[in-house]
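Trainee: I am new to this one. Can we go through it step by step?

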Amino acid sequence: MKKLDVKCYWENVYHTKEFAQMSWYQKVPTDSLIFFQKMAIPKNARIIDVGGGDSYLVDYLLTTGYRNVSVLDIASKALEKAQKRLGQWADRVTWINADINLYQPTQTYDVWHDRATFHFLLEEGLVHRYVEQTRRALSTDGLLFIGTFSEKGQAHCSGLPVRQYAKEKLAEVFQPYFQEMDSFNTDHFTPSGKVQSYSFCTLRKKTE
Ligand SMILES: C[S@@+](CC[C@H](N)C(=O)[O-])C[C@H]1O[C@@H](n2cnc3c(N)ncnc32)[C@H](O)[C@@H]1O
């Protein structure tokens, strides 16, 4: 079978659909915002949203005073849409158009946020590389907030196969370098009314 061109796939998704039609759409990224509040993330924290797409998280972060936010996505169209929405505020964000599997961070971050991107990594080698990336890119005591489909969730997301993780399993994957602070399951309601079960974990980088 021909290997999927992942970039092309996602560019096409963002070219052909509006955000509010996408299954992962959230008007308010509540779980993520609760994480920022609960962990009392300082306003000068260096934050990266990996696979941030067209998410409103960046809007909320900016309006609540965060001033060091980066959004990374493989689809330039997703970033373009977010930039257009933000208007002048877009200049306050660092936009990174890259494949997380190839990306070499040029700085360290205090917070790594990923909702529904890590679960697309199917090969063991890519999962391992992602874990190594988070270790290298996060500062001492840095926090990782990560969400995937749960073991009760769907086997596909946006038409692509995903790995489903029980919350305990998700924490275990990062366990060599991270200590689990919190984990929970939550139901997400898609715009068409379907329920998707997610696992979320908050993990703190262990002192090396
Ligand atoms: C299910 S969407 C989630 C978007 C966003 N995190 C949210 O919660 O609204 C997955 C996102 O990951 C991006 N993505 C998929 N594979 C990627 C990769 N290898 N590197 C970077 N971004 C990727 C897609 O373009 C898409 O924006």
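Trainee: Which residue has a polar side-chain atom 3.1 Å from an oxygen atom of the ligand?

Mentor: Keep in mind that this is a predicted model. A polar contact here needs a pair of N or O atoms within 3.5 Å. At 3.1 Å from a ligand oxygen atom, one side chain offers such a polar atom, and it belongs to Thr117.

Trainee: How much of the ligand does the protein bury?

Mentor: Start with the ligand taken alone, which exposes 600 Å². Then add the protein. The share of that area it buries is 97%.

Trainee: Which residue has a polar side-chain atom 2.9 Å from a nitrogen atom of the ligand?

Mentor: Two contacts involve ligand nitrogen, so take each in turn. Ile74 uses a backbone N or O atom, at 3.2 Å. The side-chain contact, at 2.9 Å, comes from Asp99.

Trainee: What classes of residue make up the shell around the ligand?

Mentor: There are 20 residues around the ligand, and Tyr14, Gly51, Asp73, Asp99 and Arg115 come nearest. α1 (6-16) and β2 (69-73) each supply at least two residues of that shell. By class, the shell has 11 nonpolar, six polar and three charged residues.

Trainee: Where does the ligand sit?

Mentor: Look at the open spaces in the protein. The ligand's place is the largest pocket.

Trainee: Why is the protein chain as compact as a globular protein of that length?

Mentor: The chain has six helices and nine strands. Its C-alpha atoms fill a box of roughly 45 × 40 × 30 Å along the principal axes. For 208 residues the globule rule gives 17 Å, and the chain is close to that, so it is as compact as a globular protein of that length, with a radius of gyration of 16 Å.

Note on methods. Residues numbered from 1 in each chain as written. Predicted model: local features only at pLDDT ≥ 70, side-chain atom pairs only at ≥ 80, totals over all residues. Heavy atoms only, no water. Near = heavy atom within 4 Å. Polar contact = N/O pair within 3.5 Å; in protein donor to acceptor, adjacent residues only side chain to side chain. Areas by Shrake-Rupley, 256 points an atom, 1.4 Å probe, with all protein chains shown as cover. 1 Å grid on protein atoms, 1.4 Å probe; cavity = no way out; pocket = protein on both sides within 12 Å on 5 of 7 lines; lining within 4 Å. Sits in = over half its atoms within 2 Å of the grid points. Helix = DSSP H or I, 4+ residues; strand = E, 2+ residues; numbered from the N terminus. Nonpolar A, V, L, I, M, F, W, Y, C, P; charged D, E, K, R; others polar. Rg over C-alpha atoms; globule rule 2.2 N^0.38 Å.
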